[in-house]
Amino acid sequence: MRFRIAIGGIHIESSTFTPYLSGDADFTIRRGAELLAFYPFLEQFDDKVEFVPLVNARALLGGVVGRQFYDTWHKEFFELLQGAIEQAPIDGILFDIHGAMSVEGSVDAEGELAEALRAFIGERPFIATTMDLHGNVSDKLFANSDLLTCYRTAPHIDVQETKLRALTNLVSCLEDKRPIVRAKVDIPILLSGEMTSTEVQPGRGLYRLIDDICQHAGVFDASIWMGFPWADQARCHAAVVVCGTDQPVVEQQAKQLAEKFWTLRDQFAFVGPTADSETAISEALQSTVKPFFISDTGDNPGAGGAGDMNLLLKAFVTQKIAKKVLFASLFDGETIQLLYRHQVGDALTIQLGGKVDRSFGGPLTVDITIERFFADEVAGKCALVSCANIYIIVTENRFQYGSKRAFQQAGVNSFADFDIIVVKMGYLEPDLSAAAKGWVMALTPGAVNQDIVNVTYQHLKQPLYPFDNNFDANLAVNCRIRTK
Ligand SMILES: [Zn+2]
């Protein structure tokens, strides 16, 4: 007899510091065969498992999920689950979530969802939760998941590997008759995403410990969550979870991993050069090499920023600049509609950017000339406009200029045509990094302000490093055992 495993979930990283609400336009919904095809490794389990697709919603990083969209997804998810259970009992669920979703009116969206899921299916079916390491593991989520795992790399290059591990562990737990133990330790650390790459120390060494831990008899998985810094919620902080069959070993390994993480806390640092906005601009203006890149890190759409913040642009256009500057890019659908009613060469005054989040000064009034119209699959209708020797790419949708190809579509064939290029990201993507002769990460305000010590939070659990220093961490082990 094959096990019946349902698959479904909802995956988004929501900044609560942007008024942007994520909804229909942001999510890709997969159902049925399309959902199953999203997990290309399922056929390995053909002889053991019958998979039951529910619904999976997956979005780009964004804002809080709108209640209407979420409720519609939620209703469909549970209706499909009900339908599946009516056909035949299910043995488990591969619960595919991010862990940093926020939903209007909720401060622990995934925890509440897992709790609802457990209440719906009862105690018997296993819930195997697969996550992003930037997610959070609230007590509610932990209590209602039998197994939890997350990526072991940032940037994330082990997305499929992680889901496969979650499923493999789920299947072996269904086959294994021993009790399954899971232990969580909350770690009072919350770090900015640009500090926690696993390609450099200390993140690299920390995540490598996982392999050793999994060598212990009685342990089959260990995971480290960095937590999500751009939501003001008590669940946002680091955590480790170890899963296995031998309670003392599982607890001890979880405790040791947490202690190791705690001792490394001071060593996490920005891996690239950083500066406040003003200093970043003056470094770029004084640079003797070109192109000099500035990362507008607080408005990085790749981390959840709105992509329409114009603070750096304002700072450039309000001074006379001899250098040739490119802004790639500004998201402003309204301006695109206006520009597309004109022609290349037309000069006009526009209200640019600052529309998603008006708390940073609102749109910038600027006189521009239209240089070029073009389109991009994701960015939508785009325009290149100029204001003296400052060039700005305006896009219809939120977008990140991270590849040479994207710049070429905008008519920029050589990065070296510009002295300064301002991009909305943190670390430079490989094509940009290869071209950059100088670079600084500007710690700009915005939805994903990297300078988190200066962000105003009200609900984070305290004490919490780096907001507080000089305290003894409570690294208590929260252990749960599931017997068959
Ligand atoms: Zn992530």
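Here are four short exercises with worked solutions on the structure above.

This is a predicted model, in which local features need pLDDT of at least 70, side-chain atom pairs count only at pLDDT 80 or more, and totals for chains, interfaces and linings use all residues. Residues are numbered from 1 along each chain as its sequence is written, and side-chain values use heavy atoms, with hydrogens and water left out.

**Exercise 1. Classify the ring pairs Phe77–Phe78 and Phe293–Phe415.**

Step 1. Start with the criteria: rings of Phe, Tyr and Trp (its six-membered ring) pair if their centres lie within 6.5 Å; planes under 30 degrees apart count as stacked, over 60 as edge-to-face and the rest as tilted. A search of the whole structure with this rule finds 20 aromatic pairs.

Step 2. For Phe77 and Phe78 the centres are 5.2 Å apart and the planes stand at 80°, so this pair is edge-to-face. Phe77 is buried at a relative accessible area of 0%, and Phe78 is buried at 10% (buried means under 20% relative accessible area, exposed over 50%, partly exposed in between, with a 1.4 Å probe and protein chains only).

Step 3. For Phe293 and Phe415 the centres are 5.8 Å apart and the planes are at 65°, so this pair is edge-to-face as well. The pair links distant parts of the chain, 122 residues apart: Phe293 is in strand E13 (residues 292-296), and Phe415 is in the loop between helix H11 (404-409) and strand E19 (420-423). Helices (H or I, at least four residues) and strands (E, at least two) are DSSP runs, numbered from the N terminus. Phe293 is buried, with a relative accessible area of 0%, and Phe415 is buried, with 10%.

Step 4. Now look for a cluster: Tyr70, Trp73, Phe77, Phe78 and Phe120 form one.

**Exercise 2. Find charges that lie over the face of Trp262 and of Phe418.**

Step 1. The test is that NZ of Lys or CZ of Arg is within 6 Å of the ring centre and within 35 degrees of the ring normal.

Step 2. Over Trp262 you will find Arg265, at 3.9 Å from the ring centre. Over Phe418 sits Lys324, at 4.8 Å from the ring centre.

**Exercise 3. Place strand E13 in its sheet.**

Step 1. Write down the strand order of this open sheet of nine strands: E12-E20-E13-E19-E14-E18-E17-E16-E15, with mixed pairing. Two strands pair if DSSP finds at least two bridges between them. The edge strands, each pairing on one side only, are E12 (274-275) and E15 (347-352).

Step 2. Look at the neighbours of E13. It runs parallel to E19, joined by four bridges, and parallel to E20 (residues 438-442), joined by five bridges. Phe293 stands opposite Ile421 in E19 and opposite Trp439 in E20.

Step 3. Check the cover. Phe292, Ile294 and Asp296 on one side of E13, and Phe293 and Ser295 on the other, are all buried.

Step 4. For contrast in direction, take E16 (residues 364-376) and E17 (residues 380-387), which pair in the antiparallel sense over seven bridges. There, Phe374 has Cys382 in E17 as its bridge partner.

**Exercise 4. Describe the lining of the largest pocket by class.**

Step 1. Sort the residues: Ala, Val, Leu, Ile, Met, Phe, Trp, Tyr, Cys and Pro count as nonpolar, Asp, Glu, Lys and Arg as charged, and the others, Gly among them, as polar.

Step 2. The lining then has 24 nonpolar, 13 polar and nine charged residues.
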